[in-house]
Amino acid sequence: MAGRVLAKPAGPDRIADMGKCVRGDLPRGVLAIWLLYVGVLTSGCILPIGEEVGEPLGAWAASDMVNLTAETSFEQVDLSGELSQLYNSTDRSVNLSAGGNETVSFQIVVDAPSGGIENLQVQFSELTASGGLRIAAEQIRLFRMWPVQVDDYPAWYLRLSDRPAMPATFYDALIPAGSPKGGMPFALADDERLALWVDVRIPSAARAGQYTGAIKLHGRTGAKGRLGGRPIGTTMKLKLRVLDFVLPNTRALTVLGGFDHRDLMAHSLIRDGEGYVPDWMDRSDPLVAKGLVAIRELMTMAHEHGLDLFDVALRPALKRDADGKVELYWGDYDAIVKPYLDGTAFSDRIGCSAWGGPFEAGWPDPSRYGGPGSEAYEVTAAAVIAQTAGHFKEMGFSDRLFFWPVRGQVGSGARDRFALLARLIRRCAPGTPILTELSGPAESGDDGRLFDMLAPPAQLLDPENDRVGGGTSFLKVYLAPGEPPYMPALDVIASPADVRAVPWLADRVRLDGLFLPDVLHWGREGGELSPRGEVRLFYPGRIAGLDIAIPSIRLKRLRRGLEDMGYLWLLRRRGGGETAERISGAMARYVGLQAAGDNALDGRLDGWAADGASWQMAGKLLAIEVLAAVRPGSESADGTMENRFAWQRFDEVVRRVWVERMHSRVVTIGDELHVSIFADLDNQLDRPVQVTLELSDPPEGYRLLDGKAQLASFAPGERSTLSVSFACPRLGPGPTGKLDVPVKMKIVDGTDRKKTQTIWVGVPILVSKPARKVIVIDGDLSDWPLGTSNTAGRFRLLGRRGRKDDGLASRQTTVFVMHDATNLYLAFRCDSPSDAEMKALATNVVHYEQLLATGEDLVEVILDPGAKAKSADDLYRLTVKANGVLAAGRGAPADSVAGLIDAGSWSIPATVHVRRTDDVWIVEMALPREAFGPAGQEWQWGINFARYCTETAEASNWSETPRHYYAPKCLGALLLGEAGE
């Protein structure tokens with residue numbers, strides 16, 4: 001995914017006290033620089049709130065679970081039910097609720113009128129409650145939400161998001177309000193939008209009660225570049241209900257994150273106009289001292305958001321004595337690291353839970369000692385390992401040390417390299433944990449297991465077999481970033497629900513925490529950043545005129561998910577384990593290889609609750625249940641009507657029996673079609689239910705074969721398939737090739753509540769009559785006879801967008817089918833505006849991601865001659881790009897990770913012609929039936945048609961399969977004329 005941070009000239013926001021106290025022992029020269037930053041970040045945001053004056057300012061607030069864009073309106077947010085409860089537009093009040101030691105967030109949107117706004121200030125009053133209770137305004141922090149441009153999207157986004165995949169700006173970087181560039185006061189151009197992020201921290205000592213305060217926004221209208229104009233502004237009420245409990249200081253879920261100080265310094269330190277990376281961390285060097293401030297700010301910011309970071313590149317000095325023995329000098333290393341280990345760098349005095357030791361495959365550099373297998377390298381590496389373990393023991397932090405010897409590498413070479421280094425660590429530092437990202441490294445015989453901390457990419461994590469829920473205390477398993485939908489995304493285009501769900505999923509399968517190999521992903525090049533699929537939780541502060549890192553919105557949402565873990569921890573500690581599981585099971589359902597569907601590349605779509613409203617409801621229920629657990633007998637614990645209604649709403653919206661996929665099978669018997677409809681079901685409820693699938697009102701001329709199927713007891717978390725069947729005349733289904741059949745699904749749970757829904761299933765069937773004259777393959781369809789039974793249309797989008805509204809692609813496709821004794825003829829008619837730029841590379845290589853061809857305008861046909869395929873390996877696929885290039889293959893486009901066989905290229909002497917006309921492009925082809933062997937002469941085939949449109953980033957298909965195209969059960973039926981022809 002390509003993109004860039006937009007450095008817009010208009011001013012950003014202001015933070016009410018982002019300054020940090022100077023804690024611990026700082027190297028010489030750092031203190032003055034640190035205080036300078038504190039002054040910049042805390043300058044003048046908290047002022048007395050006066051009376052509102054001037055004309056009204058267009059401003060409103062939204063929940064932190066709303067993904068704002070430059071076009072989002074309050075009316076759109078207000079329609080989302082639960083999310084609209086945060087802001088009351090009638091009395092202009094922001095309504096928050098939180099426990100002690102918790103941070104709650106919301107967003108403010110300001111839309112400038114014609115003529116713009118100058119000198120716009122945002123001020124917060126203190127929050128007060130009856131009895132003289134108060135929360136200082138310094139606990140409120142303000143940021144401007146800075147847009148990041150995204151121009152293209154990965155395949156997982158097309159599956160998992162219900163939002164359009166068009167070039168857009170995503171608010172992500174957060175500029176502190178006191179920043180030199182883009183800080184307050186703000187200046188907005190005509191009709192420009194200002195988006196602000198607000199954190200409200202509730203101190204641990206805050207007493208329970210209803211607090212109130214005010215947010216004042218005021219400025220002056222006028223042309224940009226001059227002060228003056230009319231006063232303009234508004235005042236919002238800030239209402240905060242502090243709940244009668246305190247979240248724990250200790251981490252309910254551990255998050256370990258790496259960063260490279262060299263990347264940080266390359267963006268924070270400038271020497272001679274270029275980023276400066278010191279060869280050695282000489283604390284007497286003013287630039288190094290400035291870099292140490294940047295490290296301290298990053299570490300502190302991460303700690304406040306629940307992350308324990310460690311520097312992956314910090315090392316002691318390696319020298320040799322007169323006898324040539326290795327000596328490590330720890331002075332500078334200890335001065336930097338120790339405050340983070342003993343906690344003196346942090347306000348809560350809680351040190352980092354783990355620290356990666358300074359030994360890995362690249363240091364000491366094997367090339368300087370004759371290579372990885374040389375005796376000289378082994379001696380040097382052994383000394384580094386042993387001295388590191390000994391030094392951490394002397395410091396009293398041996399329980400924090402782990403080694404991560406092979407980083408970011410996969411394949412057999414990485415596995416062999418890991419085994420070599422891990423054995424060396426076992427020998428030289430017995431008892432020191434070893435971390436690996438490799439999935440299930442081989443055991444080493446007499447050496448025993450070679451790793452203690454397992455953090456494979458999510459798509460390789462097996463929660464069923466990797467240690468889960470306790471087991472041996474020597475092995476810890478972490479959820480690490482990987483391909484969605486095997487875990488939620490953590491990059492720029494992730495939704496609020498994606499990021500918040502990550503800790504929940506780790507907790508759900510009882511993992512030991514999260515492991516983020518790199519929280520920066522900056523690289524060391526200057527200029528604009530390209531937000532790709534990496535976990536970039538911080539941005540260089542250069543866009544704000546700062547030499548330190550600034551946070552992202554995703555960091556804030558990850559903190560929200562980690563604070564949820566505090567709620568679950570309190571519930572479990574107070575006897576509410578069953579309730580915790582009830583909520584957790586609804587929000588986080590499966591992760592890692594649990595998400596695999598037909599194969600390891602076929603990711604299921606609903607591993608976690610995907611909408612913000614569901615998370616708002618879950619947060620409300622958590623608060624209700626924690627209050628009941630920690631304050632039994634109180635008014636909040638007595639099962640009031642409001643609380644019962646909250647649970648009812650939660651069950652209605654979040655928990656359900658989910659229809660993961662509908663598919664069909666067609667068999668011709670005599671003059672009838674026998675059609676079976678299958679429903680793949682997933683019980684996401686917390687109780688067993690009875691599920692009935694029924695064809696109750698068949699159309700005239702239809703005959704029920706097995707019109708009703710039932711699961712008498714469908715257990716929680718279980719998946720199953722029900723099917724019903726009918727017979728109908730062997731006729732074409734109409735102009736789109738779909739036989740629309742209403743199927744009723746009735747669900748009865750243990751409370752005798754009944755829920756009935758009608759699901760319209762489009763059974764894909766085409767009937768191709770034999771061609772009576774020669775079809776010329778020239779892209780001109782005028783020689784095709786008129787017909788309806790041989791026409792496929794109504795293409796539906798792949799993934800979640802296929803379930804939104806009507807789910808149809810905005811760029812529709814129609815396919816015509818004919819045949820004769822020699823050929824199968826296909827013609828695609830693809831809607832596309834004449835001015836749409838089409839992309840196609842002059843190569844027969846097709847780029848696939850997660851079983852989806854993307855990146856070029858193309859059409860694809862998947863074929864099963866004879867309709868006898870047992871697996872994806874038996875299928876044929878032909879892809880034609882918009883430039884006429886044909887690519888053919890057998891089986892699914894998979895790799896070894898999927899456990900599938902890609903039968904590879906397949907040669908077919910097809911005739912293909914592509915032609916572009918006004919508002920359409922046409923693909924016409926003739927496929928020799930003999931290329932399919934004896935099966936090519938069969939008269940019933942399985943078939944599906946797919947298209948990828950780059951203009952709208954839409955992947956769509958005819959058979960309406962929701963996840964991928966390459967399974968026999970996902971195909972429609974193609975009948976080649978009368979039986980025996």
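**Notebook: salt bridges and burial**

I looked up aspartate 199 and found a relative accessibility of 3%, so I entered this residue as buried. I note here that the model I am reading is predicted.

I then asked which residue forms a salt bridge with aspartate 199. The partner is arginine 559, and the closest N and O atoms of the two lie 2.9 Å apart. The pair joins distant parts of the chain, since aspartate 199 sits in strand S13 (residues 193-202) and arginine 559 in helix H10 (residues 553-573), 360 residues apart. Arginine 559 has a relative accessible area of 6%, and because buried means under 20%, I recorded arginine 559 as buried.

Next I turned to arginine 687, whose side chain meets that of aspartate 651 in a salt bridge at 3.8 Å, N to O. This pair also links distant parts of the chain: arginine 687 is in the loop between strand S31 (672-683) and strand S32 (689-694), whereas aspartate 651 is in helix H13 (residues 641-653), 36 residues apart. I found both arginine 687 and aspartate 651 buried.

My third entry is glutamate 856, which forms a salt bridge with lysine 881 at 3.1 Å, N to O. Glutamate 856 lies in the loop between strand S43 (852-853) and strand S44 (858-865), and lysine 881 lies in strand S45 (residues 876-881), so the pair ties together parts 25 residues apart in sequence. Are these two residues buried or exposed? I entered glutamate 856 and lysine 881 as buried.

I also noted a network of salt bridges that links Glu102, Arg500, Arg560, Glu563 and Asp564. For the whole model, I recorded a count of 49 salt bridges.

How values were computed. Residues numbered from 1 in each chain as written. Predicted model: local features only at pLDDT ≥ 70, side-chain atom pairs only at ≥ 80, totals over all residues. Heavy atoms only, no water. Salt bridge = Lys/Arg side-chain N within 4 Å of Asp/Glu carboxyl O. Helix = DSSP H or I, 4+ residues; strand = E, 2+ residues; numbered from the N terminus. Buried < 20%, exposed > 50% of the residue type's maximum accessible area, 1.4 Å probe, protein only.
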